[in-house]
Structures are given as structure tokens and as C-alpha cells.
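Welcome! Below are a few short exercises, each followed by a worked solution. Have a look at the structure first, then try each task before reading on.

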Amino acid sequence: MASLSLLLRFLVVVTAHVTEARWGPRSRLILTEGSHHPPGNTPSPQPGAGPEPGDPAPAFQVPTLDGSFSYDPAEGALKGPLVIHAFTNKSGFLESLWSSESSLKSLVEGLPDRAQVLFLSLDDSAVSDALWMREQLRLAAAHSWKGVLTRLHFSPVPVFALGNWIPNVLYYWGCMGHNCGLSQTVFTSDGWKMPIVVKRLDARYDWLMARWSKNLYQLADVGDGCEPSPSLGGAVAWVSEGNCSFFTKVQSMAKSNASGVLVYSLPGNPIQDMNCAGNECFFPLGIPAAMVHLEVSVAQALRSGQVVNVSFQTTPSPNFFISIDQQGALAEMGWFLYPSFSFVNWQAQWFGFSASLQSKLQSPAKVTPVFDQVTMQGDKGAVATVDLPSADLWDFDTLELDASLSCPGRRDSSCAQWDHTVQLFVCCDPLSPHCNVELGRWITAFRRGTGHWLTDVSPLIPLLDSNKCTFTMKTAPWAMPWVVSLNLRFSVSNQTGEDFGKLRPFSVTSLYSGGTFDKNYNKMYQPTKFPVPSSTKKVELYAVITGHGSDENGCGEFCVTSHHFLINAVHNNTRRFDSAGSALGCTMRVKEGAVPNEHGTWLYGRGGWCDGLQVDPWRIDITKQLNMSDFESNAIVYFGLFNGQDPNPAQEPGYIIMSSFLIFYK
């Protein structure tokens with residue numbers, strides 16, 4: 001009864017207006033794909049005196065349609081993460097997010113088991129918003145996914161009336177990114193007293209690279225835009241939805257010399273996520289496009305021959321998404337690059353990974369600190385000479401790299417904009433051939449600073465053959481700074497299987513490195529003969545391989561390459577990057593630690609790597625492929641292929657970064 005009376009109270013106190021088809025004016029901003037990051041993008045407000053990511057979330061309680069929802073850190077850490085979503089009917093992005101069946105289904109079908117979501121409204125229509133949001137998700141859950149509804153909470157109290165800390169964070173973390181900020185279209189005409197401002201949703205970021213300028217354009221009515229028109233002379237085309245694909249409309253208007261395309265939804269229809277389909281996505285188009293609602297005054301003015309001008313703007317807004325992780329800390333949610341609740345799921349998955357990682361770090365280990373919040377930038381990178389455990393390293397069979405990358409500030413907005421390779425090199429003896437051999441590799445995230453990984457590099461323990469070693473961690477010298485932390489974790493746990501008992505690596509032989517992936521790539525590599533040291537019980541092939549750059553086939557970042565180590569002319573050990581170029585390849589690795597919701601094209605599968613993730617070593621037991629006699633040699637040769645053939649790009653060849661070794665155990 002208490003929750004019912006509270007709801008009735010707010011039905012009276014708060015104006016509960018529901019537009020006829022639920023779609024009034026609304027908005028969003030887009031990511032440019034020029035090189036993965038939008039130029040001139042306005043950053044979030046910079047930190048000052050206020051709650052920041054990483055701060056403990058205070059206790060709170062809010063009324064909901066089903067009673068109340070409370071969070072109290074004194075009761076211990078959350079069993080799972082909490083996502084707080086603030087809805088507004090003024091956002092075209094959120095309109096599409098909430099009207100798309102695939103978006104809604106992604107939440108009810110993919111929300112991690114322990115994650116919860118609290119839904120709020122920024123508007124004075126909070127009661128009707130809460131009822132409508134609950135109904136949308138109930139319909140999406142149908143009969144198969146009803147259980148998730150117990151973890152979804154809907155408050156009828158508007159954000160401005162909550163009386164707790166949540167509004168402060170939503171406004172203080174306000175932004176103009178993809179999932180926040182109000183993207184708007186402004187129509188003007190000489191006969192009007194006031195401009196008409198409506199919400200808009202720009203076309204999918206990875207389809208149309210062009211973005212609206214701040215120019216004032218003339219608007220031209222071109223019907224449905226499915227066929228080219230006489231030259232529009234640089235006007236923006238005003239076209240209706242339907243009768244052909246979004247791609248066909250934009251392509252036809254580009255041929256008609258339009259500066260851009262505004263697609264208006266038919267009456268009663270929501271704003272949609274404008275995207276390409278199938279082979280359309282491989283055909284580049286050079287003009288921007290967006291979707292808006294049909295504005296009657298605009299349509300009437302155009303029909304009567306009036307000149308209507310149009311411009312584009314983005315108005316800052318409160319943040320639409322914040323969260324609390326399992327440790328009870330406030331956290332940003334990153335950017336939703338298109339309107340889908342999948343981005344909520346991915347962030348919640350990462351929170352689960354992070355909690356699991358923290359648990360693993362509690363396991364017994366001898367920890368040797370290398371870097372503690374050290375700035376990595378320029379040619380030098382981060383360098384430290386450290387003393388290794390005084391006990392013989394032979395006492396350990398496991399070496400893990402506990403590495404993290406954070407940003408100069410506490411907000412994602414302070415992070416480096418681009419993705420770069422980060423490598424860790426070690427030198428324990430300047431005269432050794434193994435001096436400055438690569439020990440670990442990571443890829444930075446696009447403008448997110450939450451990366452933290454644990455990488456098992458146990459086979460390389462023999463490289464640490466001195467009590468004092470120098471470690472260098474570096475990335476591209478022109479990259480913006482990252483703040484790195486690194487601990488070496490030595491422990492004992494048999495990683496070599498049960499066949500040989502407790503074996504430990506005692507010798508490392510360097511093999512091949514990568515290079516430019518062109519027609520001469522495989523000509524660099526010749527068969528290498530090697531003996532098997534006496535007392536060896538096991539031999540392992542160990543390689544870290546990543547593809548970068550982009551020729552006409554997308555190689556080596558976005559093409560499927562295979563990497564072959566042929567032993568004794570018989571045994572072909574192959575590493576193939578099957579997910580490279582796939583639309584969602586790296587989203588599948590969020591549970592492994594890939595940082596989600598980055599400010600770039602993090603979703604795509606890559607050639608052996610993902611943005612915001614460690615590069616896992618590839619390990620193959622090749623003992624049975626070898627002649628283990630002391631007096632016989634074995635041979636190994638490497639080659640890399642694209643589509644089963646030697647690479648032969650016509651332009652701008654990519655490249656392979658590779659470290660490969662033979663590891664001998666006894």
C-alpha cells in the first residue's frame with residue numbers, strides 16, 4: 001500500500017504527460033571513423049570538487065513502482081554491479097534505444113546474472129516514463145526471460161526530486177558523447193518568429209564518416225529520396241522514411257549533390273538507428289545523414305515554396321548512464337556507439353571480470369613491484385630496474401604480469417584518444433642475446449582508463465636470469481600519456497600438465513619476429529635448425545602475434561591471416577585470426593578483460609588483439625613433433641598467409657608484430 005500511495009501522490013504532484021505515439025522531439029551525437037576518433041569532439045566537464053569515478057558510492061534509497069530500491073555500502077559490497085539510467089524524452093538516441101526491439105531484447109536476454117539496473121527519468125513525466133519503460137521491457141521479456149525483471153527497478157520520482165547524491169553525479173558527469181548530449185536540428189525561415197528545434201539521431205558512426213558542419217544549409221524536399229534528383233546545389237535533402245533502404249536514400253542524394261540527408265519518420269513511428277546492411281556497408285558514402293520526426297511546419301513551408309534553412313547543434317545534458325561496481329565504487333559507463341542496451345550488458349560483464357580479477361590477486365604469490373602509477377610517454381617510456389626475489393626463481397613455475405593502464409585524470413575524458421600497442425621489454429644482462437626481449441604486450445583502449453589485466457608469461461621465466469633486471473614499458477612515442485602500474489607475481493602451480501609431473505622452463509630459444517606484410521614477407525624467413533638440450537622433458541612453441549595496418553584487404557588489422565610454424569617439414573602448427581574484421585569480434589572478449597564502451601571502433605574483431613586488452617601468448621606443446629635425441633637436430637620454419645596465399649597487397653601494406661620462442665622444460 002505504501003508504494004501505491006507514493007505512486008498516486010506523484011501522479012498528482014508531477015505532470016505525467018505522454019505524447020501520442022510516445023515520440024516527441026529528441027537527440028544524439030556520433031563518432032567519426034576517420035581514424036577511429038572524432039575530431040573536435042567536446043570533452044566532458046573536467047573534474048573539480050565533486051564525486052569522481054572510483055569514489056565510494058554513498059547509501060541511497062529511491063521509491064520504485066514495486067516498492068523501493070536501496071543501496072547501503074555498510075552492508076558490504078554489491079553481489080553484482082548496479083547501472084543507473086536516466087531517461088529523457090528529449091534525446092533521439094534514447095528514443096531509438098527504447099523503441100528498438102533488438103535493443104530491448106539485448107537487455108532482458110543478455111544482462112549478466114547479478115547485475116541490476118535502476119531506471120530514472122530526468123523529466124517531469126517521470127511517472128508515465130517509469131510505467132512505459134517497465135512495459136517496454138516486460139513486452140521484450142515475453143515469457144522466456146521474466147526472471148530478469150526482478151533485477152530491473154523503475155522509479156516514478158524525477159531525478160530533480162530524488163533528494164540524494166544521484167542528480168549531482170548525473171549533472172556533474174554531464175557530457176556530449178554518444179549516449180548523452182542532445183543532438184538537435186534547427187529549422188529557420190523568414191516567415192517564422194522562432195526557430196524550430198527538434199531532436200535528431202545521426203546515422204551509425206561506422207557507416208557514414210562525414211559529420212554535420214556548423215554551416216547554415218538550405219533544405220530541399222526530395223520525396224522519399226530513393227532516386228537521384230536534379231542537382232540540389234549543396235542543399236540538405238529532406239526525405240521520408242520507407243520505400244528503400246537508408247543506404248539507397250543517402251547514395252541517391254549524394255549523387256544529387258546534396259550536402260547531407262535528413263530522413264523524417266512517418267507519423268507514429270519512432271526515430272530509428274540509421275545503418276547499412278550487408279554489402280552496402282562496404283560502399284563508402286561522403287555525406288552525413290540523420291533522422292528526425294516529421295515536423296509539420298517544416299513540411300508545410302517547403303510545400304508552399306518557402307525557403308527553409310537548417311543547421312545542427314548539440315546541447316550538453318546530464319549523463320544518461322552511471323554505475324556502481326561490485327566494490328561499491330562509482331564508475332563511468334563509457335560511450336554507447338549506437339543505441340543498444342548491449343552496451344549496458346558489456347559494461348556489466350566487465351565489472352564481473354574486474355571482480356574476478358581482484359579475487360585472483362588475493363591468491364598467494366611473491367609480488368615484485370615494477371611500476372606504481374608511472375607516466376609512460378615519449379621514446380623512453382617507463383623504465384625501472386628492480387631486484388628480483390632473493391630465492392632461486394627455480395622455486396617458482398608461474399610468472400604473471402599484473403598490469404594496469406590508467407589516465408592522467410580520473411575521467412575517461414583525460415585518456416589518450418587512440419589505440420596503440422604497449423610492449424614490456426626486459427634486460428637482465430646487457431651482453432645477453434635476450435637483452436630487451438619482449439615479455440608482455442597490451443593494446444590501449446580508445447579514451448578509457450579502466451584497463452587491468454593478469455597475463456601468464458610463465459614460459460619466459462628463464463629470461464629473468466639475474467637478481468637485478470631492467471624493465472621498459474613503452475608505446476608509440478607520439479601517443480598521449482598513460483599511467484602504468486606493473487607487478488610481477490611469482491607463484492607455484494603446475495602449468496605444464498600432469499604427464500611430466502612438475503616441469504619448469506629452463507631454456508629459451510628466440511625464433512622469428514614479424515615485419516611488413518607484403519609479397520616479400522615470407523622471403524625473410526628461412527628454416528632454423530635447433531638441438532634439444534639434454535635433460536629436456538618437454539618443448540613448447542610460444543608466440544605473441546598481432547596484425548596491424550590496413551591495405552586494400554584490411555590487412556593486417558581487419559583481415560583473417562594465418563601464421564604457420566612448420567616443424568621437421570611435417571607438423572604444421574597454425575595460429576589463425578578468424579574473428580578479424582567481424583562486426584562484434586572484440587565484444588566477445590569483454591569477459592576476458594577487453595575494456596568495453598570505448599570512444600572508438602573497439603567492437604570489431606582484430607588480427608590477434610582487441611583494444612583495451614592484453615595479447616595472450618599462444619602456446620603449443622610440440623614435444624611429440626621432435627626428435628628428442630641429443631645427437632639429432634630439428635628444423636622449424638615460419639610463414640604467414642592471407643587467404644591461404646602469400647600476402648601481395650597493391651598498396652599500403654600492413655605489418656605483423658611477433659615474438660616467438662622455443663621453450664624447453666625439465
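Two strands count as paired if DSSP finds at least two bridges between them. Strands (E, at least two residues) and helices (H or I, at least four residues) are DSSP runs, numbered from the N terminus. The model is predicted: local features need pLDDT of at least 70 and side-chain atom pairs count only at pLDDT 80 or more, while totals for chains, interfaces and linings use all residues. Residues are numbered from 1 along each chain as its sequence is written, and side-chain values use heavy atoms, with hydrogens and water left out.

**Exercise 1. Work out the strand order of the open sheet that contains β16, and find its edges.**

Solution.
- Step 1: The sheet has four strands, in the order β16-β23-β18-β21, and the pairing is antiparallel.
- Step 2: β16 and β21 each have a single partner strand, so they stand at the edges and one side of each lacks a neighbour in the sheet.
- Step 3: On average, neighbouring strands of this sheet are turned by 15 degrees against each other, direction ignored. Axes here are lines fitted to C-alpha atoms (for helices, over the stretch in contact), and angles run from 0 to 180 degrees between N-to-C directions.
- Step 4: Look at one pair in detail: eight bridges join β16 and β23 in the antiparallel sense. Within β23, Val-483 is the residue opposite Thr-375.

**Exercise 2. Do the same for the open sheet that contains β24.**

Solution.
- Step 1: The order is β24-β32-β26-β30, again four strands with antiparallel pairing.
- Step 2: β24 and β30 pair on one side only, which makes them the edge strands.
- Step 3: From one strand to the next, the twist averages 20 degrees.
- Step 4: β24 and β32 (residues 655-665) run antiparallel and are joined by eight bridges. Ser-513 has Ser-659 in β32 as its bridge partner.

**Exercise 3. Describe the hairpin made by β27 and β28.**

Solution.
- Step 1: β27 (residues 561-567) pairs with β28 in the antiparallel sense, over six bridges.
- Step 2: One bridge partner in β28 is Asn-572, which matches Leu-566.
- Step 3: Three residues lie between the two strands, and Asn-568 in the turn has a positive phi of about 55 degrees.

**Exercise 4. Which parts of the chain does the salt bridge between Lys-502 and Asp-397 tie together?**

Solution.
- Step 1: A salt bridge is a side-chain nitrogen of Lys or Arg within 4 Å of a carboxyl oxygen of Asp or Glu. By this rule the count comes to 18 salt bridges.
- Step 2: For Lys-502 and Asp-397, the N to O distance is 3.9 Å.
- Step 3: Lys-502 sits in the loop between β23 and β24 and Asp-397 in the loop between β17 and β18, so the pair ties together parts that are 105 residues apart in sequence.
- Step 4: Check the surroundings, taking buried as under 20% relative accessible area, exposed as over 50% and partly exposed as in between (1.4 Å probe, protein chains only). Asp-397 is buried at 4%, whereas Lys-502 is partly exposed at 48%.

**Exercise 5. Which salt bridges does Arg-589 form with Glu-592 and Asp-616?**

Solution.
- Step 1: Arg-589 meets Glu-592 at 3.0 Å, N to O. Glu-592 is partly exposed, with a relative accessible area of 37%.
- Step 2: Arg-589 also forms a salt bridge with Asp-616, with the closest N and O atoms 3.2 Å apart. This pair links distant parts of the chain, 27 residues apart: Asp-616 is in the loop between β29 and β30, and Arg-589 in the loop between β28 and β29.
- Step 3: Asp-616 is partly exposed, at 32% relative accessibility.

**Exercise 6. Find what lines the second largest cavity.**

Solution.
- Step 1: On a 1 Å grid over the protein atoms alone, a cavity is a set of points where a 1.4 Å probe fits but cannot get out, and lining residues have an atom within 4 Å of a point. Grid points are joined across faces, edges and corners, and a volume is the space filled by probe spheres set on the points.
- Step 2: The second largest cavity has a volume of about 50 Å³.
- Step 3: Its lining includes Glu-438, Arg-441, Tyr-542 and Pro-617. β20 gives the most, with four residues.

Key. On a 1 Å grid over the protein atoms alone, a cavity is a set of points where a 1.4 Å probe fits but cannot get out, and a pocket is an open set with protein on both sides within 12 Å along at least five of seven lines; lining residues have an atom within 4 Å of a point.
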